[in-house]
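Here are a few exercises to work through with the structure open in your viewer. Try each task before you read its solution.

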Amino acid sequence: MQYDVIVVGGGSGGCAAAIRCTDLGMKVALIEKRRKGGIGGTCINRGCIPTKVLMKSMNVLDEIRDSSKFGIEVEGYKVDFKKIMAKKDKIMKQMAFGLGAFVLKPRGIEIIYGDALLKDRNTVAVKDGDADTEYTGKYIVVATGSEPLEIPVFKIDRKNVITSDEALTLQEVPETMLIIGAGPIGIELGMFYSSMGCETTIVEMMDCAAPLLKDAELSAIVEKALKKKGIKVLVGTGVEGIRVIEDGKVESSLSNGEKTVTEKVLVSIGRKKNTDSIGMEAVGIEMERGLICVDETLKTNIDNIYAVGDIVSGPQLSHKAQFDGAVVAENINGNRMAVDYRSIPWAIFSEPEVAKVGLSKAEAQAEGINVLEGTLKMAANEKASCMQSTEGMIKIAVDADTRKIIGSSIVAHDASTLIGEMALAVKNGITIEEFNLTVHAHPTLNEALFEAGKSVTGKGYHK
Ligand SMILES: Cc1cc2nc3c(=O)[nH]c(=O)nc-3n(C[C@H](O)[C@H](O)[C@H](O)COP(=O)(O)OP(=O)(O)OC[C@H]3O[C@@H](n4cnc5c(N)ncnc54)[C@H](O)[C@@H]3O)c2cc1C
């Protein structure tokens, strides 16, 4: 079968590429190896969506537990963990179904199930059970994504020593869990399971929680929030070995000499790129440390083969993968478009949430930028006070020479929404003076951004 474009992988990046290529008039086949939990990829089936459904249950529970401070007494509430997990499954299924039935199929995108292997620069072999079929395309887009990283020292048995995949499908709350890694996945799942009653410890090798922030002060706020939830946080500590003593008993040896025994160990230390069994070498595609090498148009060293999402450089995020997919479609269509990851925001959906776009002050200084910083503690924001969600802080980094906003880092209630405004500012090179002339509705959390901005020029209400 001959196509204009063959997309390998039905996740965020692959679907975005297939959708845009079809809208531009191309005949597209989308190959996905998983019949169940494939379309929508990691994001819908094992990542963004299931975690966010669980975080919502956590937020509801937190509100009930905290309700008396709003004058509401709730008695006799009960947590039904199986129902929480069933709700998550239902939402995931609805989304995956909706993506297939209402977005992909009406466009005429042909979905082919099976394991794809590149044979040459135009041919993809798809193995589905015993059947082997070859498809040819003028262009190929590789979007095979990533899986939880497994390293020999942490032998994952998926029962006692688990990854995020298993943590999202447990049917009982473990009594105790040790989580390796205080990144987005460790923090979200740690907060969720702790709220559900699991005695949780998070161990992080770097010297702070959420090290991606590259801001010690904000990381300290995250660490405090984790501890407030009852989580034991050990930063600057490595896990040197894990041993399953028996089912439900895992011993972890820590670099501080401690040994802990927990029912589960969740390994959340990063993601492995799915690039080793898709035929990259046979076709001669250049790779570097597991990543597919691409230029700024996301083209590989082979003219008609592009790659998107978690398997190329840049942050491993669903919206980044979708952006990549759209960029590739435009480039295949002859409209030259380059990726620019400097204004891609990210968020951790904890409480308070964590979000960032662009550079922190420390990162800007390391790049030799003469940087100014505006800050505001959320306690100074009226809406945050009304909501009794005053934990956190906003920071805005400004290039002192150009006056442009070059980054923002936020720990606050709904930081994932607040960061959108800052992404717009960073992407469009808005100057701090222009930003400070943008009047914000009152009372809103966004006013905290406005106040942090005004503090850069010494014109804020709060010092
Ligand atoms: C627990 C967790 C929470 C997350 N939360 C967020 C979040 O809140 N926000 C956010 O932006 N990102 C989040 N992410 C990251 C996000 O899910 C990924 O960055 C995103 O899904 C990457 O998209 P992708 O298209 O590159 O790959 P994927 O979504 O991984 O899709 C790749 C697809 O390719 C298929 N495939 C692989 N090999 C083959 C083959 N040989 N043949 C055919 N098909 C193949 C796979 O089955 C898969 O369906 C989270 C990830 C995890 C694990």
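**Exercise 1: two packed helices**

In this predicted model, α3 and α4 are oblique to each other. Work out why, and describe how the pair packs.

*Solution.* Start with the geometry: helix α3 (residues 48–66) and helix α4 (residues 81–104) pack at about 140°, and 9 Å separates their axes. Next, check the cut-offs: angles over 145 degrees would count as roughly antiparallel and 65 to 115 as roughly perpendicular, so this pair falls under oblique. The crossing is right-handed. Now list who meets whom: I49, P50, V53, L54 and S57 on the α3 side face I84, K87, K88, I91, M92 and M95 on the α4 side. Sorted by class, that contact has eight nonpolar residues, one polar and two charged.

**Exercise 2: around the ligand**

Which residues come nearest the ligand, and which element gives the most to the shell around it?

*Solution.* Begin with the shell, which holds 36 residues; G9, G11, G41, G145 and G309 come nearest. Elements giving two or more residues include α1 (12–23), β2 (28–32) and α9 (318–332). α2 gives the most, with four residues. By class, the shell splits into 20 polar, 10 nonpolar and six charged residues.

**Exercise 3: domains in contact**

Describe how domain 2 and domain 3 meet.

*Solution.* First get the bounds from the domain assignment: domain 2 is 152–269 and domain 3 is 345–457. Their centres, over C-alpha atoms, are 29 Å apart. Domain 2 puts 12 residues into the contact and domain 3 puts in 16. On the domain 2 side, α6 (184–195) and α7 (216–228) are the elements giving two or more residues. That side has nine nonpolar residues, three charged and no polar ones.

Technical notes:
Residues are numbered from 1 along each chain as its sequence is written. This is a predicted model: local features need pLDDT of at least 70, side-chain atom pairs count only at pLDDT 80 or more; totals for chains, interfaces and linings use all residues. Axes are lines fitted to C-alpha atoms, for helices over the stretch in contact, and angles run from 0 to 180 degrees between N-to-C directions. Angles under 35 degrees count as roughly parallel, over 145 as roughly antiparallel, 65 to 115 as roughly perpendicular and the rest as oblique. A crossing is left-handed if the near helix is turned anticlockwise from the far one by less than a right angle, and right-handed if clockwise. Two residues are in contact if their C-beta atoms, placed from the backbone, lie within 7 Å. Ala, Val, Leu, Ile, Met, Phe, Trp, Tyr, Cys and Pro count as nonpolar, Asp, Glu, Lys and Arg as charged, and the others, Gly among them, as polar. A residue is near a molecule or strand if its C-beta atom, placed from the backbone, lies within 6 Å of it. Domain bounds come from an automatic or database domain assignment.
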